[in-house]
Amino acid sequence: MTDTMNDNYIQDPSPPLFGVCIPCVGGIHSHSSSKQTSTDSPGVCAFILTFISYLLIVATFPFSLCLCIKVVQEYERAVIFRLGRLLKGGAKGPGIFFIVPCIDSYRKVDLRTVSFDVPPQEILSLDSVPVSVEAVIYLRVRDATAAETNVEDYSHSTRLLAATTLRNVLGTRNLAEILSERESISATMQSSLDDATDPWGVKVERVEIKDVRLPVQLQRAMAAEAEAAREARAKVIAAEGEQRASRALKEAADVINESPAALQLRYLQTLNAISAENNSTIIFPLPIDVLTHMIHRNKEDD
């Protein structure tokens with residue numbers, strides 16, 4: 001009995017010690033969490049300013065409604081900041097929304113599609129040809145809150161990014177691809193810009209290559225090359241025509257050779273064509289066979 005009591009006496013101190021440690025750990029954890037929430041919370045001054053602002057609104061009612069009620073258009077959104085913090089609930093609008101004049105500030109964001117020209121970019125193509133390229137970008141704001149909080153000026157930033165992307169994309173293409181594959185280049189630029197501007201709340205809807213300018217010397221060289229190619233094709237076509245005409249004449253000669261009277265008919269057709277033009281000169285064809293017969297006859301007489 002005594003041994004059992006001693007064993008219980010020895011074992012009893014350990015649980016209280018363990019029980020004391022757990023509350024200490026819990027107290028430390030709760031203290032750290034309270035520090036974190038106090039950092040994220042607006043603070044006592046913010047609550048005091050908010051309370052005073054509401055008191056002023058109530059004291060000056062209904063004149064305070066002129067400062068509290070704001071309106072944004074159908075194509076606009078309002079991003080509200082209260083004491084420098086983004087107000088919960090996202091962007092407001094379209095229509096009427098309320099603000100607290102002393103502690104709230106808001107910015108309007110236009111959601112309509114905006115177009116701008118990319119300045120001419122001097123680019124060296126893959127085949128080392130200098131070209132000047134202009135482009136047009138069409139974009140709109142998809143998320144007004146991200147456009148105001150994630151980037152200082154989304155329009156200016158998108159313009160700079162578009163110019164850089166244009167140089168990077170066209171630098172991997174040769175001159176023939178730049179001139180002939182504009183749609184493919186535009187699709188590649190749109191995909192790249194859309195991925196880059198997505199954290200800014202901006203949607204790039206369309207990219208178009210506006211103009212491609214070549215150096216004057218290169219234009220002259222290309223024009224000379226094109227002219228030489230056209231002349232070569234013209235000579236080939238003329239040679240093919242001569243070849244076909246000679247074949248047709250050979251066939252016609254074979255047909256006329258089979259019938260001597262056909263040559264006389266051809267002579268008469270030629271005379272008819274000449275007389276129809278009212279010419280003063282008439283050429284009368286004399287068959288060579290007649291001349292040959294006359295020459296042989298004169299030799300016999302001699």
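The following exercises, with worked solutions, concern a predicted model.

**Exercise 1.** Determine which residues of helix 3 are buried and where around the axis they lie.

*Solution.*
Step 1. Helix 3 spans residues 44-59. Its 16 residues reach 22 Å from the first C-alpha to the last, close to the 22 Å expected at 1.5 Å a residue.
Step 2. Ala-46, Thr-50, Ser-53 and Ile-57 are the buried residues of helix 3. They lie on the same side of helix 3, because the arc they cover around the axis is only 65 degrees.
Step 3. The general rule is that an α-helix has 3.6 residues a turn, so residues three or four places apart point the same way.
Step 4. Helix 4 (65-68) is included in what covers the buried residues of helix 3.

**Exercise 2.** Classify Phe-51 as buried or exposed, and identify the surface patch to which Phe-51 contributes.

*Solution.*
Step 1. Exposed means over 50% relative accessible area. Phe-51 has 54% relative accessibility and therefore counts as exposed.
Step 2. The face of helix 3 turned away from its buried side carries exposed residues, among them Phe-51, Val-44 and Phe-47.
Step 3. Together with Val-44, Ile-48, Ile-52, Leu-55 and Leu-56, Phe-51 makes a nonpolar surface patch of about 590 Å².

**Exercise 3.** Compare the settings of the salt bridges Glu-148 to Arg-107, Asp-198 to Arg-142 and Lys-250 to Asp-254.

*Solution.*
Step 1. The whole structure contains 12 salt bridges.
Step 2. In the bridge between Glu-148 and Arg-107, the closest N and O atoms are 3.3 Å apart. This pair links distant parts of the chain, 41 residues apart, with Glu-148 in helix 5 (residues 144-149) and Arg-107 in strand 5. Glu-148 is buried at 18% relative accessible area, whereas Arg-107 is partly exposed at 47%.
Step 3. Asp-198 and Arg-142 meet at 3.0 Å, N to O. Asp-198 lies in the loop between helix 8 (182-197) and strand 8 (202-213), and Arg-142 in the loop between strand 7 (130-141) and helix 5, so the pair ties together parts that are 56 residues apart in sequence. Asp-198 is partly exposed, at 42%, and Arg-142 is partly exposed, at 43%.
Step 4. For Lys-250 and Asp-254, the closest N and O atoms are 3.5 Å apart. Both residues lie in helix 9 (residues 216-258), 4 residues apart, about one turn of the helix. Lys-250 counts as exposed at 55% relative accessibility, while Asp-254 is partly exposed at 40%.

Terms used
Residues are numbered from 1 along each chain as its sequence is written. This is a predicted model: local features need pLDDT of at least 70, side-chain atom pairs count only at pLDDT 80 or more; totals for chains, interfaces and linings use all residues. Side-chain values use heavy atoms; hydrogens and water are left out. Patches are made of residues with over 30% relative accessible area and no salt bridge: like charges are joined within 9 Å, nonpolar side chains (Val, Leu, Ile, Met, Phe, Trp, Tyr) within 5 Å. Accessible areas come from the Shrake-Rupley method with a 1.4 Å probe; for residues, only the protein chains shown count as cover. A salt bridge is a side-chain nitrogen of Lys or Arg within 4 Å of a carboxyl oxygen of Asp or Glu. Helices (H or I, at least four residues) and strands (E, at least two) are DSSP runs, numbered from the N terminus. Buried means under 20% relative accessible area, exposed over 50%, partly exposed in between (1.4 Å probe, protein chains only). The expected span of a helix is 1.5 Å times one less than its number of residues. The arc is that of the directions from the helix axis to the C-beta atoms. Contact means heavy atoms within 4.5 Å.
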